[in-house]
Amino acid sequence: MTSVVVAGAGSIGSLLAAHLARVADVTVLTRREEHAAALREDGLRVSGRADFTARLGATADPAALPGGAELAILACKSTDLESLAARLEGTLAGATVMTIQNGLGAEEIVAAHGEWPLLSAVTFMSGTRHGDAHVEYVLDTATWVGPHRGTTEADARRVAELIQAGGLQAEAFPDLRPAQWSKLIFNATVNGVAALTGLPHDFHFAQTAELSDLGHLVRDLVDEGKAVAAAAGVELHDDPWEMNVLATQRGHRHFPSMLEDVEARRPTELELINGALVREAERHGVAVPLQTALYRLVKAREASYSE
Amino acid sequence: MVGCGAVGSLFAANLSLLEDVEVWAFDLNELHVAAINRDGLRLSGAGDVVGHPRATSDAAELPPCGFGIVATKAMHTDAAIAATAHAFADGCVATVQNGLGNEEALARHVERVIRGTTFPAGKLLGPGHVQWDVKGDTTFGPYDERTPLAEVERLADACTRAGMPAQAVEDARGPQWRKVIFNASTNPIGALTGLTHGRVCERPDLRALVTGLVDEGKAVAAAQGIELDADPEELIDHAARPDVAYDHKASMLQDVEARRETEVDYLNGGIVRFGRAGGVPTPLNAAIQALVKGREASWTQS
């Protein structure tokens, strides 16, 4: 069986680890030893769209990871990626490392800490953690995988097939950037607006009947993002405005992670999402005054935690 | 006095001390009204005053008045003047409210309207008692040719004699727009980020956003031929000083924390509206208005 390491056991990491454990030898790298112990002793329970308990290995010590791992998925939040990649330095020889963070720039952060071949992924699935050893599978949308450094589309396809075999949706792409950028623009806009307004991603985001309705701002923010993508030579896989409209029509009110983060006064993923978009805009000479305002406002909101 | 909250109380209490002025205070807060009629209207802080206006929550009790001063929140202007207009059939009605559009609302109900901008501030501590935080000037001017400047001067003179320094000018739009631009460019930034005025201003990235908002407001004012009486930027930097209002939580931030409707439609929304009429783009003010309206909408969600 293929040996896989999943580093980070939040909701996405837990969903990947549990499903992959049905078709591979999975070891989870956690931050806390008690989390690893709970996973070793109880297994990892999945509820919601699937219902099973996976048996897997778990450790909080990078040095204890299996030597022969072929694939390592770094599934932490983007805010924790730098420290995770630093912990993994000198380990996972021979493994291909896959990032799955929101935003842009995760691959570069990891690349700076090792010579591993790299794959990029974005995921649209979602889950809710109900404890260290229990995750609820909520949205069964796909994970998209593409080559990055020292990898090919065939490598991406093998990983996508492995994820599918475990029971999740996945697809391989020759170039992930069109999908990554679609999600980047969508996330920068929806997460930023949700964090500042306190609104879950609901009908307000697509409402344009009145001149001061939120949908106008959302569309203007998306248009700025599209201009940056065009200047960067990226042809988007999906129109982020249509992604927004579709998501608001799904009927359940999704609370974007950046909204949950500011309400819990935690650091957000702002830098790799909105920050990345604003920096790309600057690099390509595209004016994005509204995305810039959004970025600054959320950044200041984080600074207000100490008030 | 139409609306006897914090600012209204500063005018009502001080004006009631003048021998030649009889003050009536109209307010819907019945506890406040009862306390004023029982114990008087007390100001403490920047000045200690106990005034004795006649207070009522029943507009029908108001006698014919020479002047009205409207000091409600901007979203209540229309209802407040609709209820009280009968008292001002032969008088002039001045607004000392925040934002843009109050004069237009008043002019739909009364003949002679006075544009006013005031800087004193305070807060209601309890029924009949207002804390006077800051003293400051008031500027009045006729809204249109139907209001004689002599009447504006009479009102400004009474306020000045009462300890609320005021001046009458031909065109009061300059001070009004300076204050609106100041408020629209700083209050919602505080409200959205949770930062005090001083902390907003000391972050260079946020201070630049404030300037972006100020510049849009200035362009809209200039397109109407309004000359600002001073640069709002100076007011913003002055207020950021530790000895002035560094630690001040903007009223809109207080509103957001208490989940009260804000005046954003009359501040940023007003700039957007006048901008649209004058063909001046105001994308940042529109964005800020939409975000604050979104915040208000989030309170009614389950």
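**Notebook: two chains, their domains and a sheet**

I started with the domains of chain A, where the centres of domain 1 and domain 2 lie 26 Å apart, taken over C-alpha atoms. Note to self: this is a predicted model. The split I used for chain A puts domain 1 at 3-175 and domain 2 at 178-301.

Next I looked up who touches whom across that split. On the chain A side of things, 14 residues of domain 1 are in contact with 12 residues of domain 2. I checked which elements of domain 1 give two or more residues to this contact, and they are helix H3 (78-88) and strand S8 (118-123) of chain A. Sorted by class, the domain 1 side in chain A comes out as five nonpolar, seven polar and two charged residues.

**Chain A as a whole**

I counted 11 helices and 12 strands in chain A. Its C-alpha trace spans about 55 × 40 × 35 Å along the principal axes. I then tried the globule rule: 307 residues should give a radius of gyration near 19 Å if the chain is a compact globule, and chain A has 19 Å, so the two agree. Of the 307 residues in chain A, 52% are buried. I also looked at contacts between residues at least 6 apart in sequence; in chain A, 69% of them join residues at least 24 apart.

**A glycine in a loop**

I stopped at Gly68(A), which sits in the loop between strand S5 (57-59) and strand S6 (71-74) of chain A. Buried or exposed, I wondered about Gly68(A)? Gly68(A) counts as exposed, because it has 11 C-beta neighbours inside 10 Å and the cut-off for exposed is 12 or fewer. I also took a distance from here: Thr53(A) is 15 residues from Gly68(A) in sequence, and their C-alpha atoms are 25 Å apart.

**Between the chains**

For the contact between the chains I got 20 residues from chain A and 22 residues from chain B. On the chain A side, helix H6 (177-197), helix H7 (214-231) and helix H11 (289-303) are the elements that give two or more residues. H11(A) gives the most to that side, with eight residues. By class, the chain A side has 11 nonpolar, six polar and three charged residues.

**Chain B: domains**

I repeated the domain look-up for chain B, which is assigned domain 1 (6-168) and domain 2 (173-296). Here the centres of the two domains are 25 Å apart, over C-alpha atoms. The contact involves 10 residues of domain 1 of chain B and 12 residues of domain 2 of chain B. The domain 1 side of it has three nonpolar, five polar and two charged residues.

**Chain B: the sheet**

I traced an open sheet of five strands in chain B, in the order S5-S6-S7-S10-S11 and with mixed pairing. Strand S5 (67-70) and strand S11 (166-168) of chain B are the edges; each has a single partner strand, so one side of each has no neighbour in the sheet. Neighbouring strands of this sheet are turned by 25° against each other on average, direction ignored.

I zoomed in on one pair: S6 (residues 92-95) and S7 (residues 112-118) of chain B run parallel and are joined by three bridges. Within the pair, Cys92(B) stands opposite Arg112(B) in S7(B).

Last entry: helix H5 (residues 149-161) of chain B lies across S5, S6, S7, strand S10 (138-142) and S11 of that chain. Against S11(B), I noted that H5 runs at about 170°.

Notes. Residues numbered from 1 in each chain as written. Chains lettered and ligands numbered in written order. Predicted model: local features only at pLDDT ≥ 70, side-chain atom pairs only at ≥ 80, totals over all residues. Domains from an automatic or database assignment. Contact = placed C-beta atoms within 7 Å. Nonpolar A, V, L, I, M, F, W, Y, C, P; charged D, E, K, R; others polar. Helix = DSSP H or I, 4+ residues; strand = E, 2+ residues; numbered from the N terminus. Buried ≥ 20, exposed ≤ 12 C-beta atoms within 10 Å, placed from the backbone. Rg over C-alpha atoms; globule rule 2.2 N^0.38 Å. Pairing = 2+ DSSP bridges. Axes fitted to C-alpha atoms, helices over the stretch in contact; angles between N-to-C directions.
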